[in-house]
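Please open the structure in your viewer and keep the selection panel at hand. The stops below say what to select and what is to be found there.

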Amino acid sequence: MPRPAGAPRPPLLPASPGVARSISLLGVAVALLVAAAPASAQSGGTPLPGPGDPCPAGYPGDQAGREAIARWMARGAALRDVPEALPVMAGLAESGLRNLHTKGNPFAGFFSMHKSLNKDPYRGFKSDPELQLNWFLDTAVIVRQRGIAEGDEEYGSDTDGYGLWIADVERPAPENRKGYQPYLDDAGDLLDQSCEPGDHVSDEAPPALRVKAAARQRDAIVLRASCPREACVIAAQAEPRRRVRAAPAVAAEADAVTLTLPARARRSARLVVTVTAVDAAGNATSREKHVTLLR
């Protein structure tokens with residue numbers, strides 16, 4: 001298991017490589033971004049797949065084989081436009097793809113979720129693997145949004161980076177962050193066919209983005225930005241970067257959010273500010289604003 005028992009993971013605030021700054025996703029992320037299907041209690045039976053759906057639509061039960069569990073996870077991931085192998089790799093690394101419950105251990109389930117996560121919207125996760133998968137996918141979506149919004153345009157697009165994406169969700173000790181990538185081949189062996197439902201249409205449309213900023217500002221650049229049609233995550237940075245700090249990512253929806261880029265230097269400068277919004281499927285939109293910073 002890449003993550004030894006240690007300090008609890010704060011819910012929905014995984015640390016992202018190169019963007020480890022604190023952000024204001026906690027508290028609003030679930031309300032804006034959770035789009036998973038309602039959880040159901042484990043029944044122990046495997047639902048029959050529908051036309052074009054080769055994988056279980058509901059949890060197949062603790063006694064099911066690893067292939068059925070892996071395909072159930074992969075189907076859920078596909079519905080969220082997350083790589084199908086991602087939760088399977090995480091489950092293999094954290095639990096051997098088993099719904100673990102060890103008395104006295106604060107971590108449980110397929111993804112070693114900490115007991116502090118046993119509250120809405122994941123209350124009862126120990127006895128409900130559907131909630132466990134929801135937590136993993138909710139967090140994976142937010143992590144990808146933040147990574148792209150804060151400048152890593154290719155975040156999550158290469159299979160070679162899946163392990164670090166999982167590490168940003170699971171938040172292991174730094175020396176164990178590379179422990180997930182070796183499970184890519186094992187996940188592939190369990191997923192010999194796509195689990196994307198035949199009627200699923202991936203979201204490929206970038207989010208609409210509105211940005212307002214005064215052309216001349218003093219001491220810091222302040223922007224107002226929103227995604228009027230859907231929930232998104234928004235961040236901003238400016239060139240030249242030595243003049244102002246980047247604005248870390250925040251969750252947004254129709255109501256505008258404020259982004260602040262504090263000044264680094266004591267000299268005035270003309271800056272090009274790039275604001276990037278990312279939706280739950282990882283689609284991005286950027287807008288540029290020319291701002292003169294007065295000091």
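A residue is called buried here when its relative accessible area is under 20%, and exposed when that area is over 50%. The model is a predicted one, and every value quoted on this tour is computed from it.

**First stop: the disulfides**

Select Cys-55 and Cys-195, both of which are buried, and display their side chains: a disulfide joins the two, with an S to S distance of 1.9 Å. Looking along the S-S bond of Cys-55 and Cys-195, you will find a torsion of about -70°, so this disulfide is left-handed. Cys-55 sits in the loop between helix H1 (29-33) and H2, while Cys-195 sits in the loop between H6 and strand S3 (210-212), so the pair ties together parts of the chain that are 140 residues apart in sequence.

Next select Cys-227 and Cys-232, which are joined by a disulfide with an S to S distance of 2.0 Å. Here the torsion about the S-S bond is about 95°, so the disulfide between Cys-227 and Cys-232 is right-handed. Cys-227 is buried, with a relative accessible area of 1%, and Cys-232 is likewise buried, at 0% relative accessibility. The count comes to 2 disulfides, and when the bonded cysteines are numbered in sequence order the pairing reads 1-2, 3-4.

**Second stop: the nonpolar cores**

In soluble globular proteins, nonpolar side chains tend to be buried together. Which residues of the largest nonpolar core touch the most other members? Select Met-73, Leu-86, Val-88, Phe-111, Trp-135, Phe-136 and Trp-165, which hold that place among the 49 residues of this core. Then colour by element those that give two or more residues to it, namely helix H2 (66-79), helix H3 (85-95), helix H4 (129-149), helix H5 (162-170), helix H6 (184-190) and strand S6 (232-239). H4 gives the most to this core, with 10 residues. A second core, separate from this one, has 25 residues, and among them are Cys-227, Ala-247, Leu-259 and Val-275.

**Third stop: helix H5**

Select H5 by itself and then bring back its surroundings: 8 of its 9 residues are buried, so the helix is largely enclosed by the rest of the structure. The buried residues of H5 are Tyr-162, Gly-163, Trp-165, Ile-166, Ala-167, Asp-168, Val-169 and Glu-170. What covers the buried residues of H5 includes H3, H4 and H6, which can be shown together with it. Follow the backbone onward to Arg-171, just after H5, where phi is positive, at about 55°.

Stay with Asp-168 for a moment, since this buried residue, with a relative accessible area of 0%, forms a salt bridge with Arg-177 in which the closest N and O atoms are 2.9 Å apart.

**Fourth stop: the five-stranded sheet**

Now select the strands of an open sheet, which has 5 strands in the order S4-S10-S9-S6-S7 and mixed pairing. Strand S4 (216-218) and strand S7 (247-252) stand at the edges with a single partner strand each, so one side of each is left without a neighbour in the sheet. From one strand to the next, the twist averages 35°.

Focus on S6 and S7, which run antiparallel and are joined by 4 bridges; here Ile-234 can be picked out opposite Val-250 in S7. Bring H4 back into view, and it will be seen to lie across S6, S7, strand S9 (269-278) and strand S10 (284-294), running at about 20° to S6.

**Fifth stop: further salt bridges**

How many salt bridges are counted in the model? The count comes to 6 salt bridges, one of which was visited at Asp-168. Select Arg-71 and Asp-192, which form another, with the closest N and O atoms 2.9 Å apart. This pair links distant parts of the chain, as Arg-71 belongs to helix H2 and Asp-192 to the loop between H6 and S3, 121 residues apart. Asp-192 is exposed, with a relative accessible area of 56%.

Finish at Glu-239 and Arg-241, whose salt bridge has its closest N and O atoms 3.0 Å apart. Glu-239 is partly exposed, at 44% relative accessibility, and Arg-241 is partly exposed as well, with a relative accessible area of 48%.

Definitions and conventions. Residues numbered from 1 in each chain as written. Predicted model: local features only at pLDDT ≥ 70, side-chain atom pairs only at ≥ 80, totals over all residues. Heavy atoms only, no water. Core = buried A, V, L, I, M, F, W, Y, C linked by side-chain atoms within 4.5 Å. Buried < 20%, exposed > 50% of the residue type's maximum accessible area, 1.4 Å probe, protein only. Contact = heavy atoms within 4.5 Å. Disulfide = S-S within 2.5 Å. Pairing = 2+ DSSP bridges. Axes fitted to C-alpha atoms, helices over the stretch in contact; angles between N-to-C directions. Salt bridge = Lys/Arg side-chain N within 4 Å of Asp/Glu carboxyl O.
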